[in-house]
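This report describes how two chains meet. Look at the model first, then read on.

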There are 2 protein chains.
Amino acid sequence: MIGPGKVTLLEHIRDTGSISAAGRAMAMSYKRAWMLVEEMNAAFADPVVESVRGGAKGGGAQLTATGITVITQYRAAETATAQATAPHIAALQALLRDIPDGK
Amino acid sequence: MIGPGKVTLLEHIRDTGSISAAGRAMAMSYKRAWMLVEEMNAAFADPVVESVRGGAKGGGAQLTATGITVITQYRAAETATAQATAPHIAALQALLRDIPDGK
């Protein structure tokens, strides 16, 4: 439903106001970026991205409130995971063999 | 270095006292089970599995203190991740479209 690629795409759409510019920022074709947005729009009860018509830039795309929440919750889950696992990862790393320099 | 397959293998070795029995429990060849144990023994400063000679069962394998700690810390990290992400996953799931029955 959602993963790091889709969330990063949403962040680029938020920052660029454009699905094509967001795709370019990820070296992704417009077709693929559009398909991923459509998948998300179909998966969520409300769309995550909506088109914006007119204006100085001649239209584009912007996130909906749902799209913003998706980013926020996904990144919060990542941060919470990193914090929660840190002591356990440190404990495991402390048990690893020292790697010699240059290897 | 460590992942779900290796940790599950360690748990089976702990429970069966045998690398081959642990491999069988995971539908894994003895060769592959042995290779994974060797990888872990090489990665950690102390071995995670040691051989046991003699006894009623004619020898086998058992976890070292390091092996037990690896299981404990790995599973603790999993539990901590599930707990830390639960509210964010719930928030995302609440935004999903309802899936009709039978689909």
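How many residues does the contact take from chain A and from chain B? In this predicted model, chain A gives 25 residues to the contact and chain B gives 25 residues.

The size of an interface is often given as the accessible area lost when the parts come together. Between chain A and chain B the buried area is about 2100 Å², and 70% of that area comes from carbon and sulfur atoms. Of the area that chain A buries against chain B, 28% is supplied by A:Leu92, A:Leu95 and A:Arg97, more than by any other three residues.

Two packed helices are described by the angle between their axes and the distance between the axes. The table gives these values for helix 4 of chain A and helix 4 of chain B.

| Helices | Quantity | Value |
|---|---|---|
| Helix 4 of chain A (residues 65–93) and helix 4 of chain B (residues 65–93) | Angle of packing | about 165 degrees |
| Helix 4 of chain A (residues 65–93) and helix 4 of chain B (residues 65–93) | Distance between axes | 9 Å |

Angles over 145 degrees count as roughly antiparallel, and helix 4 of chain A and helix 4 of chain B are therefore roughly antiparallel to each other. Their crossing is right-handed. The residues of this helix contact comprise 18 nonpolar, eight polar and no charged.

Salt bridges come next. Across the interface of chain A and chain B there are zero, while the whole structure has eight over all chains. A:Lys6 and A:Glu39 form a salt bridge through their side chains, at 2.9 Å from N to O. This pair links distant parts of the chain, 33 residues apart: A:Lys6 lies in helix 1 (residues 4–16) of chain A and A:Glu39 in helix 3 (residues 30–43) of chain A.

Terms used:
Residues numbered from 1 in each chain as written. Chains lettered and ligands numbered in written order. Predicted model: local features only at pLDDT ≥ 70, side-chain atom pairs only at ≥ 80, totals over all residues. Heavy atoms only, no water. Axes fitted to C-alpha atoms, helices over the stretch in contact; angles between N-to-C directions. Helix = DSSP H or I, 4+ residues; strand = E, 2+ residues; numbered from the N terminus. Parallel < 35°, antiparallel > 145°, perpendicular 65-115°, else oblique. Left-handed = near helix turned anticlockwise from the far one by under 90°. Nonpolar A, V, L, I, M, F, W, Y, C, P; charged D, E, K, R; others polar. Contact = heavy atoms within 4.5 Å. Buried area = accessible area lost by both parts, 1.4 Å probe. Salt bridge = Lys/Arg side-chain N within 4 Å of Asp/Glu carboxyl O.
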